[in-house]
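Colleague: I'm in my first year and still learning to read structures. Could you take me on a close look at the place where the ligand sits?

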Amino acid sequence: MPKVSNMPQPQLFTPFKIRNLELENRITIAPMCTYSAVDGCMTDWHLIHLGQLALSGAGLLTIEATAVVPEGRITYADVGLYDDATETALRRTLDSIRKWSDMPVAIQLAHAGRKASSDLPWRGGGQIAADHKDGWQTEAPSPVPFKSTDNAPTELSRERMDAIRDAFAMAAVRAARVGIDSVQIHAAHGYLLHSFLSPLTNQRTDEYGGSLENRMRFPLEVFDAVRAAFPVDKVVSVRVSATDWHDGGWNLEETIEFARALELRGCDAINVSTGGLHIDQKIPLSPSYQVPFARVVKAAVKMPVVAVGLITEPAQAEAIVATGDADLVGLARTILYDPRWPWHAAAALGGEVAAAPQYHRSQPSTLKSLFKI
Ligand SMILES: Cc1cc2nc3c(=O)[nH]c(=O)nc-3n(C[C@H](O)[C@H](O)[C@H](O)COP(=O)(O)O)c2cc1C
């Protein structure tokens, strides 16, 4: 679509600053597991996959859920950041990308909890038995399996919780050491930290279960540990599920309390997703279906809010940031399907994107200033 010269500058293509992190525009690439690591180490796949996304013109690239301990991987092929080998593999990928792209790079730090030890999604994604070579015993706040046929997770001891908290912090140290710009803590989608938050999965009777304050305690301890371990000038954000889409589950009111508690502790941004905790969740899927949750969270906090989920059209993304429903949008499947989505959105809306000089000659002559040259 030709650029209309007197169009107002679209909000989607205005810069945004979080702490010292300067984003060229409001488009962030959401974390996406690609199940292509070996023993937690990134491979050439990650170089190719993340490399192409780093040339997309988005404002921020977020590396997939990266396990802080081997048992925290969803599958045996997940990326990890828990020893020198996984750190070296991440460094190699990041160094290569950095040679050719100055897009800021975030990493999502995660522990999959009771949803760990799963098979690859394209092999059905079911739980792999603990005694299988590709499986292990899962761990969670309470011994409640995800599927009734799953082997139940082990209830975490206080000592093991300390070890996991420290592993999150150590992963943040490793991330800073290789030059990652920002860390996102994964507290969504039914994984370990979300399963502490939700009363459906947290049935503990100690100080980590029961009241909202107790259920938030471990995720907040992890946040504090990561915040203390990551350089003070760099961004730490958190991804939440704003509802379990299930009766008796974690809900929006509790999410607001959690967001406020995070903000008080120095959280720089919150990424608002939903679901993933309960097998019988009922999600009313439609375009922007999670944006209303982002809007409510945004009204309750001062930190920047990222909206995500079925955001596919440039005008739709522009409306989300222009109306102030959220500060940034996150794209996952949308940008996998069209890795040049930011270019196409800029063309449609009359914005400008950064593009590698090697690609400048691809600009259609009708779009004189699509690329920031
Ligand atoms: C292939 C794939 C992998 C994903 N992996 C992660 C992940 O590692 N961490 C996470 O928080 N969400 C993950 N998600 C969820 C996305 O980040 C995003 O929230 C969700 O897909 C909705 O956005 P979309 O409609 O643009 O795809 C994944 C989604 C897809 C499609």
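Modeller: Happy to! Let's begin with a word we need: a pocket is an open set of grid points, where a 1.4 Å probe fits, with protein on both sides within 12 Å along at least five of seven lines. Keep in mind too that this is a predicted model. Here, the space that the ligand takes up is the largest pocket.

Now let's see who the neighbours are. There are 16 residues around the ligand, and those that come nearest are Cys33, Gln108, Arg239, Leu310 and Arg333. Sorted by character, the shell holds 9 nonpolar residues, 5 polar ones and 2 charged ones.

Next, look at some individual atom pairs. A polar backbone atom of proline 31 is 2.9 Å from an oxygen atom of the ligand. Alanine 65 also brings a polar backbone atom, 3.1 Å from an oxygen atom of the ligand. With histidine 189 we turn to a side chain: one of its polar atoms lies 3.5 Å from a nitrogen atom of the ligand. How much of the ligand does the protein bury? On its own the ligand exposes 600 Å², and the protein buries 82% of that.

Let's stay a little longer with one of the nearest neighbours, leucine 310. You can find leucine 310 in the loop that runs between strand β11 (305-308) and helix α8 (314-322). Is leucine 310 buried or partly exposed? Its relative accessibility is 28%, and because buried means under 20% and exposed means over 50%, leucine 310 counts as partly exposed.

The backbone of leucine 310 deserves a glance as well. Most residues other than glycine have a negative phi. Leucine 310, however, has a positive phi, near 50°.

For a companion to that backbone angle, go to serine 288, which is not a glycine either and has a positive phi of about 60°. Serine 288 is placed in the loop between β10 (269-273) and α7 (291-300). With a relative accessible area of 17%, serine 288 is buried, because the cut-off for buried is under 20%.

One last loop to visit: alanine 242 has its place between β9 (235-241) and α6 (252-264). Its relative accessibility is 0%, so alanine 242 counts as buried. Alanine 242 and glutamate 253 are 11 residues apart along the chain, and their C-alpha atoms are separated by 8.5 Å.

How values were computed
Residues are numbered from 1 along each chain as its sequence is written. This is a predicted model: local features need pLDDT of at least 70, side-chain atom pairs count only at pLDDT 80 or more; totals for chains, interfaces and linings use all residues. Side-chain values use heavy atoms; hydrogens and water are left out. A residue is near a molecule or strand if one of its heavy atoms lies within 4 Å of it. A polar contact is a pair of N or O atoms within 3.5 Å; within protein, one must be able to donate a hydrogen and the other to accept it, and residues adjacent in sequence count only if both atoms are side-chain atoms. Accessible areas come from the Shrake-Rupley method with a 1.4 Å probe; for residues, only the protein chains shown count as cover. On a 1 Å grid over the protein atoms alone, a cavity is a set of points where a 1.4 Å probe fits but cannot get out, and a pocket is an open set with protein on both sides within 12 Å along at least five of seven lines; lining residues have an atom within 4 Å of a point. A molecule sits in a cavity or pocket if more than half of its atoms lie within 2 Å of its grid points. Ala, Val, Leu, Ile, Met, Phe, Trp, Tyr, Cys and Pro count as nonpolar, Asp, Glu, Lys and Arg as charged, and the others, Gly among them, as polar. Helices (H or I, at least four residues) and strands (E, at least two) are DSSP runs, numbered from the N terminus. Buried means under 20% relative accessible area, exposed over 50%, partly exposed in between (1.4 Å probe, protein chains only).
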